[in-house]
Amino acid sequence: SPYSADPIFSDHISNKPGGIAGFSSRGPVLDGRYKPDLVAPGTNILSTRSSVAVKTGWGIYDDYYMWMGGTSMSTPITAGTAALVREYLNKVVKISRPSAALLKAALLNGAQDISPGQYGTGSTQEIPDSPVPNNVGGWGRLNLENTVYPKSPACILYYDEKKALQTGESTDHHVTVINASLPLKINLAWTD
């Protein structure tokens, strides 16, 4: 193991879905922003294997598949989920050409908080306690179901502001909360 101390030293690289792989980057970034924005599964993913491949990845499954890990696995999972959310926004919510900012806000809003992570509480706690975001798991683990069909009675309203705001301008959106026992989450994302 490249990690010198427990709990990571003696742990398997991918045995618990509620945590972050030891080799994953953490934030914050130099200007203090939270990073990562979102986390997704990326260890021991069964992936396609070229018929001319000579490398074995994390282990060969058969002639057509092998086990792999890293951003090469988590990125396609996230991109595929974003494509499904885009299709949902377009076909179900009837937002033609949803912006990248709306896709990001939707994915962050639906992310599942995975604190305290796979190592529990106390000195081995991996992910800071709620609320999110934090500099280990961001807004949480990608969750398509939470993003498009949250458990009732929760619901999601989407706004995709098509008019760019200039310095000093503002826009208003009014929301009526009808069930105060549910949290009100508002995610704002923009394209610079």
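**Exercise 1. Which residues make a nonpolar surface patch of about 610 Å²?**

Solution. The structure is a predicted model, in which local features need pLDDT of at least 70 and side-chain atom pairs count only at pLDDT 80 or more, while totals for chains, interfaces and linings use all residues. Residues are numbered from 1 along each chain as its sequence is written, and side-chain values use heavy atoms, with hydrogens and water left out.

Step 1. A patch is made of residues with over 30% relative accessible area and no salt bridge, with nonpolar side chains (Val, Leu, Ile, Met, Phe, Trp, Tyr) joined within 5 Å and like charges within 9 Å. A salt bridge is a side-chain nitrogen of Lys or Arg within 4 Å of a carboxyl oxygen of Asp or Glu, and accessible areas come from the Shrake-Rupley method with a 1.4 Å probe, only the protein chains shown counting as cover for residues.

Step 2. The patch is made by Leu157, Tyr159, Val175, Val177, Leu184 and Ile186.

Step 3. Val175, which lies in the segment after H3, counts as partly exposed because its relative accessibility is 44%; buried means under 20% relative accessible area, exposed over 50%, and partly exposed in between (1.4 Å probe, protein chains only).

**Exercise 2. Describe the secondary structure and the extent of the chain.**

Solution. Step 1. The chain has three helices and three strands, and along the sequence they follow the pattern β-β-β-α-α-α; helices (H or I, at least four residues) and strands (E, at least two) are DSSP runs, numbered from the N terminus.

Step 2. The C-alpha trace spans about 55 × 45 × 35 Å along its principal axes, and 29% of the 192 residues are buried.

**Exercise 3. Find what lines the largest pocket.**

Solution. Step 1. On a 1 Å grid over the protein atoms alone, a pocket is an open set of points where a 1.4 Å probe fits, with protein on both sides within 12 Å along at least five of seven lines, and lining residues have an atom within 4 Å of a point.

Step 2. The largest pocket holds about 1,700 Å³ of space, and among its 49 lining residues Asn109, Leu157, Lys185, Ile186 and Asn187 lie nearest its centre. The elements that give two or more residues to this lining are helix H2 (100-110) and helix H3 (144-148), and the largest share, six residues, comes from H2.

Step 3. The lining of the largest pocket divides into 28 nonpolar, 14 polar and seven charged residues, where Ala, Val, Leu, Ile, Met, Phe, Trp, Tyr, Cys and Pro count as nonpolar, Asp, Glu, Lys and Arg as charged, and the others, Gly among them, as polar.

**Exercise 4. Locate the cis peptide bonds before Pro36 and Pro116, and the positive phi values of Asn44 and Lys94.**

Solution. Step 1. The bond from Lys35 to Pro36 is cis, with omega near 5°, and Pro36 is found in the segment before strand E1 (45-48). Another cis bond joins Ser115 and Pro116, with omega about 10°, and Pro116 belongs to the loop between H2 and H3.

Step 2. Asn44, also placed in the segment before E1, has a phi near 50°, a positive value in a residue other than glycine. Lys94, in the loop between helix H1 (71-91) and H2, has a positive phi of about 65° although it is not a glycine.

Step 3. Asn44 counts as partly exposed because its relative accessibility is 36%, whereas Lys94, at 63%, counts as exposed.

Definitions and conventions
Points joined across faces, edges and corners; volume = space filled by probe spheres on them.
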